[in-house]
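Please open the model in your viewer and keep the sequence panel beside it. The tour below moves from one selection to the next and says what is to be found at each stop.

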Amino acid sequence: MPSKIQKLEPDRTTIAIGLEGSANKLGVGIIRHHPRPDKSSPKPPAEILANIRHTYITPPGEGFLPRDTAKHHRSFVVKLVRQALKQSGVSIADIDCVCFTQGPGMGAPLQSVAIAARTISLMWDKPLVGVNHCVGHIEMGREITGATNPVVLYVSGGNTQVIAYSHQRYRIFGETLDIAVGNCLDRFARTLHIPNDPSPGYNIEQLARKGKHYVELPYTVKGMDVSMSGILAYIDGVANDIFGGKPKYTDDGAEITREDLCFSLQETIFAMLVEITERAMAHVGSQQVLIVGGVGCNERLQQMMGMMARDRGGAVYATDERFCIDNGIMIAHAGLLAYETGYRTELEDSVCTQRFRTDEVFLAWRDD
Amino acid sequence: MPSTPLTLTLPQFPSSPLHLSLYTNVTNAPTIRSQLLSGNTAYSYAFLDPSTILSISHVLAAVYRALTEREAGTMRTRTVNSEIVFSMAPSMNIGDALKRFGVKDESTALFVVKVADEAEDVVGAEEVGVALESIVEGESVALCDDALQALTDIEVVRKNYKIPQGVVLNDRIAAAQIVTGAIALRGYS
Amino acid sequence: MADDNKNAEIPLPALPEGIVKALDLTLISQGAEALVFFSQSHPFIPTHEAITNSPGFSAGYILKYRPPKPYRHALLDAQLTKHRTLSEVRSLYKLMLAGVKVPVFVSVDPRQGIIWMENISGPSLKKWIWGNEEVIDSQTEDEAGRAKLREEKIKGTLLSVGSEISKLHFMDMVHGDLTTSNLVLRNKNEGEMEPVIIDFGLSSQSTLPEDKAVDLYVLERAFVSTHPMHAEEYIGWLLEGYVAGFGRGKKTGVFKVREIMKKLEAVRLRGRKRSMVG
């Protein structure tokens with residue numbers, strides 16, 4: 001029996017443009033959804049027509065500030081929209097809606113991109129669709145990997161959440177009680193003066209591969225939640241000692257290097273994340289894990305998650321950097337899913353919000 | 001005729017039978033102690049002071065702990081016999097444990113444990129009975145919890161395991177739960 | 001969906017060989033962290049007529065096993081297993097000494113992540129309430145009549161459950177995962193039930209009223225999701241028993257419970273989670 005949702009879906013191809021700028025990446029993507037050939041068949045895969053990103057990179061030892069990031073987004077958004085349109089080969093007339101990240105994220109960058117979205121929506125006379133950034137990640141991850149009902153680990157610079165679907169919402173099972181995992185890695189990269197290009201997390205991962213010795217760090221899992229600020233403070237202290245001329249040694253007398261510290265930090269915080277993900281899987285009885293968000297690119301995290309999932313008789317699903325790292329296509333995709341069920345964001349409701357919980361979004365497009 | 005020890009096996013260690021004997025009116029405790037100290041291999045038994053023992057299960061808890069440590073290769077003492085005596089204690093002080101729970105010069109009763117397995121000495125209960133007859137000068141008593149209970153000094157047990165006066169030890173089973181817990185947690189709390 | 005997955009064959013992490021060979025173990029549950037096995041036999045006390053003063057439990061024994069997690073660095077894994085196994089056992093031991101009704105622990109091997117404890121036989125509070133509700137609903141159609149029956153049949157037990165939890169919190173222990181499944185009703189005698197609190201895998205020591213309030217809040221959520229019709233009434237009785245239990249702790253108890261209830265109000269308002277910034 002066809003579900004309510006299939007009745008809502010249009011019988012034609014739909015196209016959306018998506019604008020993302022909740023942190024230091026500005027992304028513009030254009031996606032095309034195809035209708036089901038008949039009511040009983042699954043939805044055909046979405047077609048990615050363009051997915052362009054420009055990252056605001058700061059010098060080593062510095063993080064990105066909201067004001068400067070917003071300025072970066074304002075300077076590049078027009079260029080990226082033009083480029084995306086050109087690459088996709090679609091004309092403005094073909095586009096159904098303009099999707100943008102409504103939150104969560106950093107206020108000023110979010111607003112600058114929202115202004116761009118409102119402008120093109122008015123110029124082109126297309127409806128606006130505000131998208132929750134986390135829901136964007138999850139929907140894109142599901143679309144790309146084919147994972148049907150996974151437990152989702154969403155790990156990025158601003159977010160650390162374990163999410164499972166239930167009754168038309170993505171419900172948060174566990175999350176960080178303080179800083180996000182990406183933030184923890186970024187800040188430690190700053191302590192070590194590791195370059196921010198291409199990203200601090202990527203550079204930590206490369207150093208961690210060369211680490212040999214495991215340095216004991218605090219391990220803080222509280223039920224389904226994790227806490228990372230204590231770990232960061234501790235390892236920052238060790239790093240400052242080492243680079244302040246007070247070398248430290250392992251039990252077998254080897255000098256601890258910054259590679260060892262990167263390795264130990266990854267091993268510790270990733271183990272915490274895998275642990276709370278496993279708790280959620282046991283709780284909801286799911287065997288699939290989907291990792292999304294920028295930190296999801298980390299191959300060690302994927303490997304650890306894979307070992308856990310295999311032990312539970314399941315599998316891990318992850319995407320590459322095109323979709324893991326913040327991008328416009330996921331906003332276009334999630335926005336278009338909502339658009340197809342009749343969802344619109346009126347101009348007066350298009351204000352961005354820095355706090356926008358994943359479980360606030362009603363998922364009209366899922367009824368499983 | 002020498003009496004035969006009681007043979008028991010711990011369910012988790014089926015290939016390590018134990019031969020257990022109880023003696024009262026013992027007159028040669030100082031000799032046994034000095035032979036143990038000199039390392040006489042004919043004395044490879046665990047000799048325990050029954051006044052410190054609540055029940056058979058109390059001793060089994062210590063034997064279990066000793067066998068587990070032996071299996072993991074983490075015994076703190078040289079032999080499984082001394083490890084059993086040490087395992088009766090709630091603390092990590094070996095000398096103190098042997099003094100409190102082992103045979104004393106003034107002991108007039110003894111609880112003897114023999115681990116009869118491949119790692120130690122595969123030996124039958126009757127042989128152990130014969131061997132002990134020449135070691136212990138005393139009266140062999142059929143081992144059972146009732147016989148043991150008559151020999152227990154409850155205040156000594158309370159002191160050894162630092163059980164507050166508020167906790168009543170009249171109920172042997174509840175008391176055994178407390179001491180077996182202390183034995184299992186030795187070195188960890 | 002969930003049920004399909006539960007039926008799937010999951011290879012079990014192996015217990016130490018010696019234990020598997022020697023004892024007849026039945027797997028009864030597999031959580032994220034531990035496997036729980038049932039054994040009719042005690043690990044070190046055999047059945048013998050000479051042994052009469054031993055803490056034997058006719059309901060059998062539970063072996064809780066925290067297997068190594070291959071995804072974790074070996075050093076970290078060993079540390080965590082040892083730490084958690086010991087922390088659970090210390091909680092159980094401390095609570096037993098204080099007379100709180102918890103499973104009696106039998107032995108522990110922290111390196112292997114093994115805990116032996118008494119099996120508590122009896123229905124979980126969840127199942128017991130369901131059973132009673134069914135009986136009540138079949139006895140009368142009238143809601144006022146049903147309410148009266150609920151008060152007769154269920155209230156007393158929930159008061160005693162609340163009182164048992166108060167003992168735990170009075171000792172500054174937090175359970176960490178209080179649900180209606182982790183409260184078991186054991187047959188005492190002549191149909192009388194006594195609540196036993198189980199699974200201290202996430203327990204910790206805390207003097208903060210906040211942590212105790214979260215414990216209660218988690219339990220409230222469990223009531224709401226498993227007994228939605230009368231959750232409020234049940235929670236009311238449970239908290240009544242809880243507050244009364246603290247009352248027995250004289251002045252300190254009364255002060256403590258006032259702080260906890262204040263925090264509980266706050267936790268209810270904001271939910272367990274803090275609000276999230278981007």
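In which loop of chain A is A:N298 found? Select A:N298 and follow the backbone to either side: the residue sits in the loop between β11 (288-292) and α9 (299-311) of chain A, in what is, throughout this tour, a predicted model. With a relative accessibility of 5%, A:N298 counts as buried, because the limit for that class is under 20% relative accessible area. If you now display what surrounds the residue, leaving aside its neighbours within four places in sequence, you will find A:N298 in contact with A:E205, A:Q266 and A:F270.

Next, select the set of residues to which A:N298 belongs in the record: under "binding site", an unreviewed UniProt entry lists A:Y154, A:V155, A:S156, A:G157, A:G158, A:D186, A:G201, A:E205 and A:N298. A:E205, one of the contacts of A:N298, is thus also a position that the UniProt entry lists.

From this set, pick out A:G157, which is found in the loop between β6 (151-155) and β7 (160-166) of chain A. Is A:G157 buried or partly exposed? Its relative accessible area is 40%, so A:G157 is partly exposed, whereas A:N298 is buried. Once the neighbours within four places in sequence are set aside, A:G157 is in contact with A:A180, A:G182 and A:N183.

Now leave chain A and show chains B and C together, selecting the residues at which they meet. Here 34 residues of chain C are in contact with 33 residues of chain B, and the area buried between the two chains is about 2,800 Å², with carbon and sulfur atoms giving 66% of that area. Highlight C:F44, C:N53 and C:R111, which supply 25% of the area that chain C buries against chain B, more than any other three residues.

Stay with C:R111 and add B:E69 to the selection: their side chains meet in a salt bridge, with a distance of 3.1 Å from N to O. The rule finds one salt bridge across this interface, while the count of residue pairs in polar contact between chain C and chain B is eight, both residues being at pLDDT 80 or more.

Finally, colour chain C by element. On the side that touches chain B, the elements giving two or more residues are α2 (17-22), α3 (74-97) and β4 (105-109) of chain C, and α3(C) gives the most, with seven residues. Coloured by residue class instead, this side of chain C divides into 22 nonpolar, eight polar and four charged residues.

How values were computed. Residues numbered from 1 in each chain as written. Chains lettered and ligands numbered in written order. Predicted model: local features only at pLDDT ≥ 70, side-chain atom pairs only at ≥ 80, totals over all residues. Heavy atoms only, no water. Contact = heavy atoms within 4.5 Å. Buried area = accessible area lost by both parts, 1.4 Å probe. Salt bridge = Lys/Arg side-chain N within 4 Å of Asp/Glu carboxyl O. Polar contact = N/O pair within 3.5 Å; in protein donor to acceptor, adjacent residues only side chain to side chain. Helix = DSSP H or I, 4+ residues; strand = E, 2+ residues; numbered from the N terminus. Nonpolar A, V, L, I, M, F, W, Y, C, P; charged D, E, K, R; others polar. UniProt positions renumbered as here; feature names shortened; annotations may be inferred. Buried < 20%, exposed > 50% of the residue type's maximum accessible area, 1.4 Å probe, protein only.
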